[in-house]
Amino acid sequence: MDIDISEQYARYYDADGNILWESGVITGNPNLGQDTPTGVYYLNSSLRNITLVGSKDPETGEPEYETPVSFWMAFVGSAVGLHDATWQASSSFGDPNAYYYCGSHGCVNLPYNKAEELFGMLEVGTCVITHQ
């Protein structure tokens with residue numbers, strides 16, 4: 001799985017280098033210090049219908065966000081992963097600058113249908129590479 005942050009695009013390849021899946025993405029917002037981490041990782045969990053919970057706000061003690069997603073594919077602990085993001089405008093997935101104004105908290109946002117497709121393809125242990 002290859003996630004190109006500068007291009008805001010992800011591709012999943014087979015062992016022969018053929019593209020099996022691809023999609024525009026929205027990664028972490030660098031303007032807010034919430035960049036998607038770069039590096040080589042491995043998919044460590046693949047879950048359906050969960051709620052992502054943000055860090056606790058020090059002033060209120062409440063989570064910064066609680067967001068239900070249908071497809072969760074974590075690759076940095078349980079904190080960063082690929083997932084559907086139905087709140088994002090579909091046009092934002094084709095805009096390579098969208099992450100500057102509607103970027104995530106570090107996750108890789110996908111259109112619902114693309115997250116559903118990918119969820120059916122990836123297995124725990126799949127290599128995930130994120131880069132600029």
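In this predicted model, Asp84 of strand 7 stands opposite Leu110 in strand 8. The two strands run parallel and are joined by three bridges. On its other pairing, strand 7 (80-84) meets strand 6 in an antiparallel arrangement with four bridges. Here Val76 is found opposite Val80 of strand 7. Strand 6 and strand 7 make up a hairpin, with three residues between them. One residue of that turn, Gly77, has a positive phi of about 55°.

Strand 7 is also a good place to look at burial. In a regular strand the side chains alternate between the two faces of the sheet. Val80, Leu82 and Asp84 point one way from strand 7, while Gly81 and His83 point the other way. Whichever way they point, all of them are buried, and strand 7 is accordingly described as mostly covered, with five of its five residues buried.

Leu82 leads on to the nonpolar interior. In soluble globular proteins, nonpolar side chains tend to be buried together. The largest nonpolar core holds 20 residues, of which Met1, Met73, Leu82 and Leu118 touch the most other members. At least two residues of this core come from each of strand 2, strand 6 (66-76), strand 7, strand 8 (108-110) and helix 2. A second, separate core has seven residues, including Ile26, Ala85, Tyr99 and Cys102. As for Met1, its contacts beyond four places away in sequence include Ala10, Arg11 and Tyr12, along with Trp21, Leu118 and Ile129.

Several of these elements can be placed in an open sheet. Five strands form this sheet in the order 3-2-1-9-4, with mixed pairing. Strand 3 (19-24) and strand 4 (39-42) stand at the edges with a single partner strand each, so one side of each is left without a neighbour in the sheet. From one strand to the next, the twist averages 15°. The partner of strand 3 is strand 2 (residues 9-13), which runs antiparallel to strand 3 and is joined to it by five bridges. Within this pair, Arg11 has Glu22 of strand 3 as its bridge partner. Helix 2 (residues 112-119) lies across both strand 2 and strand 3, and runs at about 150° to strand 3.

Two residues stand out for their backbone geometry. Most residues other than glycine have a negative phi, and most peptide bonds are trans. Gln8, although not a glycine, has a positive phi of about 55°. This residue, Gln8, sits in the loop between strand 1 (2-4) and strand 2, where Gln8 is buried with a relative accessible area of 2%. Asn49 is likewise not a glycine and has a positive phi of about 50°. Asn49, however, belongs to strand 5 (residues 45-53) and is exposed, with a relative accessible area of 55%.

Strand 5 also takes part in a pocket. Rolling a probe the size of a water molecule over the atoms shows where empty space is left. The largest pocket contains about 350 Å³ of space. Among its 23 lining residues, Leu52, Tyr65, Ala79, His105 and Cys107 are the closest to the centre. Strand 5 and strand 6 each supply at least two residues of the lining, and strand 5 gives the most, with four.

Key. Residues numbered from 1 in each chain as written. Predicted model: local features only at pLDDT ≥ 70, side-chain atom pairs only at ≥ 80, totals over all residues. Heavy atoms only, no water. Pairing = 2+ DSSP bridges. Axes fitted to C-alpha atoms, helices over the stretch in contact; angles between N-to-C directions. Contact = heavy atoms within 4.5 Å. Buried < 20%, exposed > 50% of the residue type's maximum accessible area, 1.4 Å probe, protein only. Core = buried A, V, L, I, M, F, W, Y, C linked by side-chain atoms within 4.5 Å. 1 Å grid on protein atoms, 1.4 Å probe; cavity = no way out; pocket = protein on both sides within 12 Å on 5 of 7 lines; lining within 4 Å. Points joined across faces, edges and corners; volume = space filled by probe spheres on them.
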